[in-house]
Amino acid sequence: MGNDGLDAGQDEVRDARRQFAEELKSARELYDPRPLSQEALARLVGTSKSTISRVETCHGRIPPELPAMLDEVLGTDGKFKRLYEEIVARSFPSLYRQRMALERSAAVIRDWSPTIIPGLLQTADYARSIFKGNAPRAGEDEVSTLLTNRLTRQAILDRDAPPDVRVVMCQSVLLRQLCSPEVMRRQLKALLEAGERSTVRVQILPLDAPAHLFSDWPVSLITTPTHQTSVCVENFKTAGIIEEPDHVRAALRTYDELTSEALSARESARLIASQMESLS
């Protein structure tokens with residue numbers, strides 16, 4: 001059964017990839033005022049003819065920056081970006097796909113993390129350190145795929161109408177030595193920059209804060225535009241989506257308690273900056 005599930009997932013990724021390839025070839029050949037060759041399109045989007053050829057024949061990875069460039073040049077109103085996000089979504093294990101789908105359509109995302117910077121705010125180098133720590137025997141291709149998927153998730157922050165993102169982290173997250181001091185310094189700098197966005201709030205929960213319902217694990221509360229909230233909980237090789245109303249209300253109350261116990265966004269930024277300077 002496990003292999004059947006894996007094969008089905010791979011088939012879904014291949015189907016999505018073929019759709020991307022077919023849409024690209026069609027858009028290129030129907031380009032107005034005249035069709036574009038692979039070489040001409042490559043020049044317009046700043047890549048090589050071989051890259052366009054590989055994408056149209058489903059060989060190798062799609063460069064993460066390519067879909068947005070294709071939409072801009074071909075005037076496809078975000079089509080290739082959406083198709084690429086679908087490819088990435090289907091590449092996640094089935095266990096996590098519902099969460100990814102909720103995240104992509106979210107109006108509000110509330111994250112709590114007791115251990116690491118949440119994925120939506122991770123830098124590439126920090127995420128790479130996390131992935132290598134989680135899977136020390138993973139090859140470079142596998143790590144690169146995980147990294148591409150992680151960074152693609154972050155594209156929701158740059159949408160025309162991005163979700164409101166609320167992050168509360170334990171103070172210990174700032175102190176953990178999961179990567180080199182330089183990588184962590186850059187990560188903290190990126191965290192400060194993220195907190196300057198009008199749609200992102202970052203708060204730090206002090207080490208002396210009392211115990212709470214979420215003490216032992218990371219939790220995400222994802223709210224749709226129709227105000228339905230799902231609670232996403234992850235643990236070792238497991239993930240769950242909780243939608244039972246009483247449990248959701250308890251989770252929302254807990255998150256409200258965390259935000260009230262946490263330092264303000266301004267105080268949190270000062271603490272993050274102080275830790276960043278200590279790593280210089």
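**Notebook: strands, odd backbone spots, a charged patch**

Started with strand S1, residues 108-113. Five of its six residues are buried, so I note S1 as largely enclosed by the rest of the structure. I should jot down early that this is a predicted model.

Next I asked myself which strands pair with S1, and in which sense. One partner is strand S2, residues 164-170, and the two run in the parallel sense over six bridges. I picked out one facing pair here: isoleucine 109 stands opposite valine 165 in S2. The other partner I looked up is strand S4, residues 219-223, which pairs with S1 in the antiparallel sense over five bridges. There, arginine 110 stands opposite leucine 221 in S4. So my sketch has S1 pairing in the parallel sense with S2 and in the antiparallel sense with S4, because the bridges counted by DSSP are what makes two strands a pair.

Then I went through the backbone for oddities.

Where is the cis peptide bond at proline 33 placed? I found the bond running from aspartate 32 to proline 33, with omega near 20 degrees. Proline 33 has its place in the loop between helix H1 (2-29) and helix H2 (38-45).

Cysteine 58 came up next. Its phi is near 60 degrees, which is a positive value in a residue other than glycine. I traced cysteine 58 to the loop between helix H3 (49-56) and helix H4 (66-74). Is cysteine 58 buried, exposed or partly exposed? I noted 29% relative accessibility, so cysteine 58 counts as partly exposed; the cut-offs are under 20% for buried and over 50% for exposed.

Aspartate 77 has a positive phi too, near 50 degrees, and again this is a residue other than glycine. I placed aspartate 77 in the loop between H4 and helix H5 (79-91). With a relative accessible area of 66%, aspartate 77 is exposed, because exposed begins over 50%.

Last stop was the surface charge. Which residues gather in the patch of negative charge? I wrote down four names: Asp208, Asp256, Glu257 and Glu261. I followed up one of them, glutamate 261, and found that it lies in helix H11, residues 245-261. Glutamate 261 has 43% relative accessibility, so I logged it as partly exposed. That value still suits a patch member, because patches take residues with over 30% relative accessible area.

Note on methods: Residues numbered from 1 in each chain as written. Predicted model: local features only at pLDDT ≥ 70, side-chain atom pairs only at ≥ 80, totals over all residues. Heavy atoms only, no water. Patch = residues over 30% accessible without salt bridge, like charges linked within 9 Å, V, L, I, M, F, W, Y side chains within 5 Å. Areas by Shrake-Rupley, 256 points an atom, 1.4 Å probe, with all protein chains shown as cover. Salt bridge = Lys/Arg side-chain N within 4 Å of Asp/Glu carboxyl O. Lys, Arg positive; Asp, Glu negative; His and termini not counted. Charge placed at Lys NZ, Arg CZ, Asp CG, Glu CD. Helix = DSSP H or I, 4+ residues; strand = E, 2+ residues; numbered from the N terminus. Buried < 20%, exposed > 50% of the residue type's maximum accessible area, 1.4 Å probe, protein only.
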